[in-house]
Amino acid sequence: MSAPEHFDIALIGSGSGNSFPGPEFADKSIVYIDRGVGPAHTFGGTCLNVGCIPTKMFVHTATVAENAKEEHAKKFGVDSKLGGVGFPAVRDRIFNRIDPISHGGEEYRASHPDNANLTLIRGTARFTGPKRLAVETDGGTREITADTVLLAAGSRPAIPGIPGLKEAKPLTSDTIMRLEELPESIAILGSGVIALEFAHILDAFGVDVHLIARSGTLLRAFDEDIARRITEVASARYHVHLNASTTRVRRTASGVEIDLEPSDPAADEAARTLTVADILVATGRTPNSDLLDAPAGGIGVDDAGRVMVDAYQRALDPSGQVLDGVYSIGDLSSPAQLKHVANYELKVARHNILNPHDLRRSDDMPIPAAVFTDPHIAQVGMTEREAREWAATAGREIRVARQEFADVAYGWAMELEAPGDFVKIIVEAETGRILGAHIIGPEAATLIQVLIQAMSFGLNARDVATKQYWIHPAMPEVIENACCSSPKRAAPGRYPR
Ligand SMILES: Cc1cc2nc3c(=O)[nH]c(=O)nc-3n(C[C@H](O)[C@H](O)[C@H](O)COP(=O)(O)OP(=O)(O)OC[C@H]3O[C@@H](n4cnc5c(N)ncnc54)[C@H](O)[C@@H]3O)c2cc1C
Ligand SMILES: NC(=O)c1ccc[n+]([C@@H]2O[C@H](COP(=O)([O-])OP(=O)(O)OC[C@H]3O[C@@H](n4cnc5c(N)ncnc54)[C@H](O)[C@@H]3O)[C@@H](O)[C@H]2O)c1
């Protein structure tokens with residue numbers, strides 16, 4: 001057997017990992033390995049090709065279509081009718097912008113003089129020993145060793161073991177966005193983030209949507225008031241099947257049959273079969289530690305399949321000891337499968353590889369998240385339930401402030417109704433420190449940034465409200481009003497770790 005090719009650094013994954021190479025590593029040899037995402041094994045990772053970016057381009061288009069509908073336009077005295085949505089044109093606008101970025105990025109890494117120290121290999125890497133990899137490529141297997149390994153191998157759609165589901169070849173977020181044409185009807189399995197974003201997109205485009213949720217509310221992991229509100233809004237718009245377990249799936253000549261049973265024996269539900277043209281599975285994502293065979297590299301993997309890391313993004317062995325020179329970032333190792341988290345962890349790992357004697361932590365800020373459905377949802381920090389549990393344990397008190405969008409001037413402009421979309425802020429009663437914020441309403445993902453900033457910099461809710469101007473009559477007044485209802489004393493300290 002020939003000797004393996006040796007590099008200073010092995011980088012696996014071209015999503016967030018693509019921000020790793022740079023002039024600081026010009027004197028290091030880097031092998032950069034990527035298998036690609038989606039059916040065409042595209043370069044550049046999930047966010048660019050099959051994740052955040054195309055979905056948000058679809059979401060915006062869906063909102064344009066929704067607003068053009070007669071029932072929305074007529075509230076404003078505008079005479080408008082949606083004539084239809086041409087899916088191929090929608091799809092092509094999006095991918096004609098994205099695909100050249102992916103191709104250009106690959107070309108840059110493969111052949112630009114900036115990357116003279118970098119060897120790009122398209123293939124699947126798997127550990128055969130500590131810091132030792134076999135890479136399966138179209139041209140055969142390459143054996144690689146490296147002094148430092150950075151794992152950024154991400155995750156992929158999980159397909160649950162429901163009888164018949166795998167054989168029915170369901171759509172996933174990897175495949176649905178590039179269809180030739182949309183199905184007339186669709187069942188969406190799951191009631192999390194991807195399910196809700198696609199339900200909005202597909203319903204707006206005229207597909208008859210059936211969303212299947214095991215639980216009694218959608219977005220069950222979110223604050224209960226948010227989950228309740230989005231369940232009401234979604235149920236008024238498309239078919240929502242709550243407390244429904246999927247027991248079998250069958251692909252037929254004309255579509256898909258889905259057997260549903262009540263998942264909650266106490267619920268007033270009956271078993272039934274749903275007949276639709278296609279099915280989209282949105283039931284979470286599996287970290288790619290199995291493709292990497294991480295244990296063969298001496299790397300610990302938790303019960304959810306995540307590579308174990310410490311707060312410095314250093315990989316751990318199965319007993320929790322730090323592995324020398326092995327780092328992991330993003331969906332492969334993070335419980336928060338979010339692009340902004342993967343990006344931050346990459347920066348931390350990059351710094352720590354360059355500065356092993358001046359390590360930075362990655363767990364020093366509250367993690368926000370948004371769901372780009374209709375209406376938008378955004379959250380940061382504790383839910384009300386978590387805050388109540390924290391307060392009971394820590395011997396503190398909390399206060400909860402809630403402000404309706406419909407009660408501020410911009411909400412009138414948008415003809416929003418109360419009770420309806422809202423901002424909820426949870427503060428520690430004594431200090432006014434913000435513990436959590438939850439928003440459901442227009443541009444929630446943008447609005448919440450004020451509160452993310454306040455929490456990250458340790459600002460007290462009252463000061464946020466009173467020590468700056470709030471442009472009138474703009475939508476952030478809804479945040480100002482929510483903050484105004486919180487206590488007066490100044491808050492020491494930042495968000496509790
Ligand atoms: C539909 C959808 C919408 C989303 N929307 C948002 C959003 O709005 N906001 C947000 O914050 N997050 C969103 N996310 C999540 C976000 O896309 C991910 O958290 C982020 O892209 C993860 O980045 P990463 O670098 O960890 O992994 P990826 O970007 O997945 O990169 C991993 C790379 O490693 C490669 N790879 C894997 N295994 C191997 C191997 N063994 N050998 C070689 N290469 C390998 C993969 O092929 C891939 O190219 C969305 C995800 C999806 C699916
Ligand atoms: N806007 C965003 O930031 C954004 C958008 C899309 C995806 N993402 C990321 O991608 C990840 C994956 O998204 P997702 O929506 O697939 O996961 P999710 O964790 O948000 O939701 C999974 C859903 O599937 C259900 N489920 C799980 N197993 C099931 C089974 N066997 N049968 C029926 N239902 C089942 C869960 O109850 C839940 O409703 C998310 O964690 C999120 O971080 C983020």
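**Exercise 1.** In this predicted model, find which polar side-chain atom lies 2.5 Å from an oxygen atom of ligand 1, and then describe the surroundings of that ligand.

*Solution.* Begin with the contact itself: the polar side-chain atom belongs to T46, and its partner is an oxygen atom of ligand 1 at 2.5 Å. Next, look for polar contacts made by the backbone, where a polar backbone atom of A125 is 2.8 Å from a nitrogen atom of ligand 1, and a backbone N or O atom of Q337 lies 3.3 Å from an oxygen atom of this ligand. Then consider the cover, for ligand 1 taken alone exposes 1000 Å², of which the protein buries 95%. Widening the view, we find 38 residues around ligand 1, with S16, D34, G36, T46 and K56 as the closest. Helix α1 (45–50) gives the largest share of this shell, namely four residues. Sorted by class, the shell holds 15 nonpolar, 17 polar and six charged residues.

**Exercise 2.** Determine which backbone atoms make polar contacts with ligand 2, and state how much of the ligand the protein covers.

*Solution.* Take the oxygen atoms of the ligand to start with: a backbone N or O atom of Q337 lies 2.6 Å from one oxygen atom of ligand 2, while a backbone N or O atom of S191 lies 2.9 Å from an oxygen atom of that ligand. Turning to nitrogen, a polar backbone atom of A370 is 2.7 Å from a nitrogen atom of ligand 2. On its own, ligand 2 has 850 Å² of accessible area, and the protein covers 75% of this. As a last step, examine the shell of 17 residues, among which I194, E197, G284, Q337 and A370 come nearest; helix α5 (residues 193–204) supplies three residues, the largest share.

**Exercise 3.** Work out the strand order of the open five-stranded sheet, and explain why one side of β18 and one side of β20 have no neighbour in the sheet.

*Solution.* First write down the order, which is β18-β19-β22-β21-β20 with antiparallel pairing. From this order one sees that β18 (368–371) and β20 (398–404) are the edge strands, each having a single partner strand, so one side of each remains without a neighbour in the sheet. On average, neighbouring strands here are turned by 10° against each other, direction ignored. Follow β18 to its partner β19 (residues 377–381), with which it pairs over four bridges, and note that P368 stands opposite V380 in β19. Finally, add the helices: α9 (residues 384–394) lies across β19, β20, β21 and β22, at about 160° to β20, whereas α14 (residues 477–484) lies across β20, β21 and β22, at about 35° to β21.

Terms used: Residues are numbered from 1 along each chain as its sequence is written. Chains are lettered from A and ligands numbered from 1 in the order in which they are written. This is a predicted model: local features need pLDDT of at least 70, side-chain atom pairs count only at pLDDT 80 or more; totals for chains, interfaces and linings use all residues. Side-chain values use heavy atoms; hydrogens and water are left out. A residue is near a molecule or strand if one of its heavy atoms lies within 4 Å of it. A polar contact is a pair of N or O atoms within 3.5 Å; within protein, one must be able to donate a hydrogen and the other to accept it, and residues adjacent in sequence count only if both atoms are side-chain atoms. Accessible areas come from the Shrake-Rupley method with a 1.4 Å probe; for residues, only the protein chains shown count as cover. Helices (H or I, at least four residues) and strands (E, at least two) are DSSP runs, numbered from the N terminus. Two strands pair if DSSP finds at least two bridges between them. Axes are lines fitted to C-alpha atoms, for helices over the stretch in contact, and angles run from 0 to 180 degrees between N-to-C directions. Contact means heavy atoms within 4.5 Å. Ala, Val, Leu, Ile, Met, Phe, Trp, Tyr, Cys and Pro count as nonpolar, Asp, Glu, Lys and Arg as charged, and the others, Gly among them, as polar.
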